[in-house]
Amino acid sequence: MTQTAEAASSAVLARYEPVIGLEVHAQLLTRSKMFCGCSADYTAAAPNDNTCPVCLGLPGVLPVINRQAIEYAVRTALALECEIPSFTKFDRKNYFYPDLPKGYQISQYDLPLSLNGRLRFEVEGEPASCGITRVHLEEDTGTLHHAGDVLQSATSSLVDLNRCGVPLMEIVGEPDLRSAAAAHEYLVRLRQLLVYIGVNDGNLEKGSFRCDANISMRPRGASEYGVKVEIKNMNSFRAVRLALEYELERQVAVLDGGGALTQETRGWVEARRQTVSQRSKEYAHDYRYFPEPDLPPLRLDAEFVDRVRATLPELPAARAMRFADAFEGLVDAGVAAKTAANWLMGDVAALANEHKVPLHASGLGVEGLRRLLALVETGTINAPTAKELLGELYVSGGDAEALVRDRGLAQVSDEAQLAEAIDAAIAANPDAAADFRAGLEKALGRMVGHVMKATGNKAQPQLVNRMLRERLAR
Ligand SMILES: [Zn+2]
């Protein structure tokens, strides 16, 4: 945005508040389709080859529920902090589309498989969250290929039903978002989460992760929602942001001009950078939902839900929170920020991965790490010794100070004690000594290594370095 546009936009936002809710459709990474054995990887086959009587909706066939799809949807719902009711069912959503030959879509209406969740994210460094109304399952449609410009009348359209019946998860967000930037962050975080838990490939361009947005404007301070417009056809994060910003300004212009908005569906046209009206918005009752008679209702018992929950990895937000807690704990206790970050992201993260145990649950704990690092900071032990102890303490726990004392691990920082080892290192490496005297800096490393080895890695490296330089300069 230019500065003038930004100023105009902030003047508008002082008077109006955008109310945004997002609906995401995400294809699940199952091997087969939602209700038949056809491959869910619909892109490999020639047009209409990846089909069978079930996904074509031929008479006399019966669908069978894909168990893996149920597990993935429950996995997603749990990651989004949703409740999982014990009873759920599928419903028919009736409409005519040329890419759905059955004349209805199997979806979920009044008893979805999950409800009342939340997604946490950040907007410009500030914590934010958005309610999740529901996560439910349905089947994808086929695809239409239009010849010519879709804005003009297409000269012909081709139907490919390979995608028909691919498991599709709909994630409906509450209208909790108040800016295009917040909507953008919500989407980025949601996509990251789905990819992270392994249920979706997050490909917006290919359309395996798709987003529709509902947006309305209301005067600041009002509690009622304005007239809602749905935007479709956005196939990048950038498009979502641009479309919302465009629609926000369009709606304000209509309202400021004394006009009225109509509830409608508008499509984002990337080439024009505009939304254009597609159709008046249909209502739920238009679809004549009724329970799918060919499928049994599902009972998801607590044991099943717990088993799915157990397969969830630690989620990015929780892990970030834990890392932040550990970091703050260390810094509050006086550890330098850079030191704390280096240890947490390096050796500690590696141990957490290796043992599948996070720091706070390890033998060491945050407090143990603080005490170990304090020994380094005060010069009692050197970094190599601390690394050795870290691995041991992480698994078995224990008192770092006591171990250092009992095993004599304190670093040698007494010049008199080191003098003998320094002389021995120079005598044992005459070539290195000569190279260093001739100006080759890195030749010093070999002699430092010799001293460290001779002292069981306990010498203070900086001191060894200085003493070697002094001796060799004579
Ligand atoms: Zn099929």
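How many bridges join strand β5 to strand β6, and in which sense do the two run? Strand β5 (residues 115–123) and strand β6 (residues 126–139) are joined by 8 bridges and run antiparallel. The model behind this result is a predicted one: local features need pLDDT of at least 70, side-chain atom pairs count only at pLDDT 80 or more, and totals for chains, interfaces and linings use all residues. Residue numbers start from 1 along each chain, as its sequence is written.

A few terms come first. Helices (H or I, at least four residues) and strands (E, at least two) are DSSP runs, numbered from the N terminus. Two strands pair if DSSP finds at least two bridges between them. In general, the strands of a sheet pair through backbone hydrogen bonds, either parallel or antiparallel.

Back to β5 and β6: R118 sits opposite G131 in β6. The hairpin made by these strands has 2 residues between them, and there E124 takes a positive phi near 50°. For background, most residues other than glycine have a negative phi. E81 also has a positive phi, near 60°, and is not a glycine. E81 turns up in the loop between α3 and β2 (87–88). Then there is R288, again not a glycine, with a positive phi of about 50°; R288 belongs to the loop between β13 (274–280) and β14.

How open are these two loop spots? A residue is buried if 20 or more other C-beta atoms lie within 10 Å of its own, exposed if 12 or fewer, and partly exposed in between, with C-beta atoms placed from the backbone. E81 has 16 other C-beta atoms within 10 Å, so E81 is partly exposed. R288 has 11 C-beta neighbours inside 10 Å and therefore counts as exposed.

Strand β14 also shows up in an open sheet of 3 strands, ordered β4-β3-β14 with antiparallel pairing. The edges are taken by β4 (104–107) and β14 (290–291), each of which pairs on one side only. Between β3 (residues 91–94) and β4 there are 4 bridges, in the antiparallel sense, and D91 stands opposite S107 in β4.

Next up is strand β1 (residues 16–27), which has two partners to look at. With strand β10 (residues 209–219), β1 runs antiparallel and is joined by 11 bridges; here P18 has M217 as its bridge partner. With strand β9 (residues 167–173), β1 pairs over 5 bridges, also antiparallel, and V24 is matched with I171. E23 lies in β1 too. Contact here means that the C-beta atoms of two residues, placed from the backbone, lie within 7 Å. Leaving out residues up to four places away in sequence, E23 touches E170, V172, G173 and D212. The C-alpha atoms of E23 and E230 are separated by 9.8 Å, although the two residues are 207 residues apart along the chain. With 16 other C-beta atoms within 10 Å, E23 is partly exposed.

On to the helices. Two packed helices are described by the angle between their axes and the distance between the axes. The axes are lines fitted to C-alpha atoms, for helices over the stretch in contact, and angles run from 0 to 180 degrees between N-to-C directions. The axes of helix α3 (residues 67–79) and helix α6 (residues 302–310) come within 9 Å and cross at roughly 70°. Angles under 35 degrees count as roughly parallel, over 145 as roughly antiparallel, 65 to 115 as roughly perpendicular and the rest as oblique, so α3 and α6 are roughly perpendicular to each other. In this contact, E71, V74, R75 and L78 of α3 meet V305, V308 and R309 of α6.

What about the inside? A nonpolar core is a set of buried Ala, Val, Leu, Ile, Met, Phe, Trp, Tyr and Cys residues joined through C-beta atoms within 7 Å. The largest one has 63 residues, and those touching the most other members are A73, A77, A183, Y186, A213 and L244. A73 touches L113, V135, L137 and M169, not counting residues up to four places away in sequence. Apart from this core lies another, of 21 residues, including W343, V348, L364 and L372.
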